[in-house]
Amino acid sequence: MVRLPRRLCFSVALVAFSARAFAQPLLAPVSVRMDSLAEFRPVAANWQVGGGLGGDPRREKNLTPIAGTGVLVNTPRDGARDNLFSAWEHGDIELDVDFLLPPGSNSGVYLQGRYEVQLFDSWGVRTLKAGDCGGIYQRWDRARGKGQEGYEGHAPRANACRAPGLWQHLQVTFEAPRFDAAGKKTKNARFVRVALNGFVIHENVEVTGPTRSPAFEDERAMGPLMIQGDHGSLALRALTVKRFGPERIGVEDLRYKLYPGEFKRLGDYDAQAPKSEGVPARFAHTAVEKSGKFALVFTGSLVVPRDGRYAFTIESTGEVRLLIDDRPVVLPLEKGSHPGAVELTAGRHAFRLDLVQRAGRPALELSAEGPGLAAHALTVRDEKSRGSAPPRQVLVEPKDRVIAQRSFVPFEPRKRLYALNVGTPAGVHFSYDFETGAVLRAWRGAFLDAAEMWDARGNNQVGKPVGPALTLPGKPIVALIEFAQNGGWPDQPEALWSSQGYTLEPDGLPVFSSTLAGIKLRDRIAPTADGRGLTRTLEAQGKLPDWSAWVLLAEAETITSQPGGAGWIVGDREWYLDWPADARVVPVLRSHGGRQQLAVPLKRTTLELPIRYSMIW
């Protein structure tokens, strides 16, 4: 038996935020209206506006819209199988959309009506192809011969697909092909980044021409967004876009001043003569000073192509600030800076950028975005850093046996210090927190990246899931609650909680033991029979305390019953909790602080009965 300290010390280990943690796009995307079909070309009756979904989209192949607005539902049938085209066209674009697929469904998002990201019910598929969910579909040429027609398809790097009937999230950053004045293509279209359910599945994928079944066989600088509607049922909501032209902000009249030494505050060096000054070879700190302690000031003019609101972000290892027309835009932090936005008119604007480097290896990258302008770097990367290798991974894979790997687990708002990552050959894995007895997250696919534990000194001691994960609230699995029906559930470990470690079963799976007051708990978490989810079995024995004791099954803003009484739908169709039909224990739906909790009250009559349920996502 693996034992942990009887009383786990509670430690608040705040997640360290770098400048990159704040470097999110500051200019809001445009929401595509979902209260009507006004932003789309006329379509057949297979496309309808609804307020949600009825029926059982987990099991029924055709979706059923309910009254209201906000959701577009496609139900193809004879005589009504139109694709959906936007009334507007786009070149470069950032697209975000929620989608939902019933079992076996097939659809796709076509950028410019030509280049498809596949939407497909690929739940549980382990060997991925370009036709699976999130894949960039093949190009097609019958002249290549039977069986060879498809080429240049790109399978997703991991299966991030969720179960049928759950809402999923697709994010696409796309660059349109480029053409010269004569109309000759000079650059292929490119998927800069594609993320499915928060997991990046493609980066920098070029497509040499339209993929299979496009609306248009040619290539152009602009085209409409198309959603495939002739194959399977589909629901869409929360569609937002940022559409971009080719313009960029220019930098002119660039000059620098370099002040060697250590400076406590920005501007402390202004009264002294610089060590050197002049025109840098390029807008980069490496063109002036590559290492050491120094202050570096760049000045010049930003040439803005159009009126509007512009956002600026600086990534750096030192304290940094950006002034435009003598107005502070990017504000300094102790390390790095906080991005900012400013209204600018078309034309020239004077700027000043200060970098104070006190320790570490210098870094500086200034990026901007604006109305119709995609985010782009204004500084120039040092040539040696271009194409640098991605961060090293040290992969742990449970190919033929269960692996139980201790590590710190990154988890907002604090990383969990007493945790275990469990990987199984079935390809479904989870992280368990000894302090609370909670499953922190569950995922399928590859298991664990141990680079921050084993590479070099491994200072962070963090194990990171390699596959796309479902993150859970991480609250204590068992709590003592004074007011049974509406008392709050604790966020922190109970004072009377004690982990007793775990034992390994013959198949290698850990069974966790713990106590709370006089209650002894046994907790087994294992892959479901089909390897697509997790089944949890909790057994409680002992003496009940004076306060009511509860076991937490799920918490979300909303929890609703599945059709047929098979369990519950957790959150806004985020995951399923399946409950055995013959269970002798009955959960209770509680409410507190605007959230719902599905919990089992521990009673003398049910104390030794197993609590068994499955988590499906």
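Student: Which residues have the most contacts inside the largest nonpolar core?

Tutor: That core has 48 residues; a nonpolar core is a set of buried Ala, Val, Leu, Ile, Met, Phe, Trp, Tyr and Cys residues joined through side-chain atoms within 4.5 Å. This is a predicted model, where local features need pLDDT of at least 70, side-chain atom pairs count only at pLDDT 80 or more, and totals for chains, interfaces and linings use all residues. Residues are numbered from 1 along each chain as its sequence is written, and side-chain values use heavy atoms, without hydrogens or water. With contact meaning heavy atoms within 4.5 Å, the leaders are L577 and I611.

Student: Which strand gives this core its largest share?

Tutor: Strands are DSSP runs of E, at least two residues, numbered from the N terminus. Five core residues come from one of them, the largest share: β41 (residues 548-556).

Student: How many residues are in the other core, the one with L119?

Tutor: This core lies apart from the largest one. Among its members are L119, A176, L234 and L236. Its count is 40 residues.

Student: What percentage of the chain is buried?

Tutor: Buried means under 20% relative accessible area (1.4 Å probe, protein chains only). Of the 617 residues, the buried share is 53%.

Student: How many bridges join β3 to β16?

Tutor: Strands pair if DSSP finds at least two bridges between them. Strand β3 (residues 64-74) runs antiparallel to β2 (residues 47-54), with seven bridges. Strand β3 also runs antiparallel to β16 (residues 234-244), where V71 stands opposite R237. The bridges joining β3 to β16 number four.

Notes: Buried means under 20% relative accessible area, exposed over 50%, partly exposed in between (1.4 Å probe, protein chains only).
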